[in-house]
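Student: Please show me the chain we are discussing. I would like to work through its fold by question and answer.

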Amino acid sequence: MARSRTVIVAGAGIGGLAAALALARAGFRVVIAERAPKLEAIGAGIQLTPNATRALAALGVLDRLRERAVEARALVVASGSSGQPIVQAPFSTAADLDHSPWLLAARADLQQELYLAAADHPDIELEFGAAIADAAEHPRGVTALSARADRGTEHNGLALVGADGLWSGTRLRL
């Protein structure tokens with residue numbers, strides 16, 4: 001019997017959605033179980049360094065995110081008492097070398113773009129209102145139970161990615 005090409009991801013935050021997109025682009029089928037009934041705009045701004053924007057470009061979401069982000073032009077370290085700049089480092093040189101900008105974006109905008117890309121991908125299944133309630137590792141991979149108020153669903157896969165946040169139930173089970 002052929003092994004499953006499915007990977008289960010607990011959590012549809014930035015990490016879970018990015019992992020799902022990367023796995024799907026590598027040829028895996030991905031099931032995302034998110035405990036929240038829908039995505040909420042949580043958090044404030046986020047800085048995306050050139051390493052992060054290169055990763056977002058590889059996932060196919062950078063261009064759409066750039067429309068709602070601001071490109072940082074320099075890092076400025078200023079005096080806390082006077083507000084006067086102490087050191088300034090321009091970002092233009094690094095961005096020009098590899099076309100990877102340093103962006104400032106709303107966290108919700110980044111998550112939304114990752115979500116839209118995941119929702120459009122034929123090999124990614126999103127399950128909202130379903131938390132990973134239990135998981136068991138076995139010789140063929142892992143079996144995870146995603147629980148909803150009305151039912152539970154068993155998912156079999158090669159691996160379980162715990163990206164379910166600070167209060168991760170998945171991490172507690174490992």
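The questions below go from the whole chain to its sheet, cores and helices.

This is a predicted model, in which local features need pLDDT of at least 70, side-chain atom pairs count only at pLDDT 80 or more, and totals for chains, interfaces and linings use all residues. Residues are numbered from 1 along each chain as its sequence is written, and side-chain values use heavy atoms, with hydrogens and water left out.

Student: How many helices and strands are in the protein chain?
Tutor: Helices (H or I, at least four residues) and strands (E, at least two) are DSSP runs, numbered from the N terminus. By that count the protein chain has 6 helices and 12 strands.

Student: What share of the 174 residues counts as buried?
Tutor: Buried means under 20% relative accessible area, exposed over 50%, and partly exposed in between (1.4 Å probe, protein chains only). Of the 174 residues, the buried share is 34%.

Student: Which strands are the edges of the open sheet of 4 strands?
Tutor: Two strands pair if DSSP finds at least two bridges between them. The order is β8-β2-β1-β12, with parallel pairing. An edge strand pairs on one side only, and here that applies to β8 and β12.

Student: Which residue in β12 stands opposite Val 7?
Tutor: Strand β1 (residues 6-10) runs parallel to β12, and 4 bridges join them. Opposite Val 7 stands Ala 159.

Student: At what angle does α1 run to β2?
Tutor: Axes are lines fitted to C-alpha atoms, for helices over the stretch in contact, and angles run from 0 to 180 degrees between N-to-C directions. Contact means heavy atoms within 4.5 Å. α1 lies across β1, β2 (29-34), β8 and β12. Its angle to β2 is about 165 degrees.

Student: Which element gives the most to the largest nonpolar core?
Tutor: A nonpolar core is a set of buried Ala, Val, Leu, Ile, Met, Phe, Trp, Tyr and Cys residues joined through side-chain atoms within 4.5 Å. This one has 23 residues; among those touching the most other members are Leu 21, Leu 48 and Ile 124. The elements that give two or more residues are α1, β2, α2, α3, β7 and α5. With 5 residues, the top giver is α1.

Student: Why does Ile 124 count as buried?
Tutor: Ile 124 sits in strand β8. It touches Ala 20, Leu 21, Ala 24, Val 30, Ile 32 and Ala 118, leaving aside residues up to four places away in sequence. Ile 124 counts as buried because its relative accessibility is 9%.

Student: How far apart in space are Ile 124 and Ser 81?
Tutor: In sequence they are 43 residues apart. In space, C-alpha to C-alpha, the distance is 50 Å.

Student: Within what arc do the buried residues of α5 fall?
Tutor: Helix α5 covers residues 107-120. Its buried residues are Leu 110, Gln 111, Glu 113, Leu 114, Ala 117 and Ala 118. They line one face of the helix, because seen down the axis they fall within an arc (of the directions from the helix axis to the C-beta atoms) of 160 degrees.

Student: Which residue follows α2?
Tutor: The buried residues of α2 are Pro 50, Thr 53, Leu 56 and Leu 59. They pack against α1, β3, α3, β7 and α5. After α2 comes a residue with positive phi, near 85 degrees: Gly 60.

Terms used
The expected span of a helix is 1.5 Å times one less than its number of residues.
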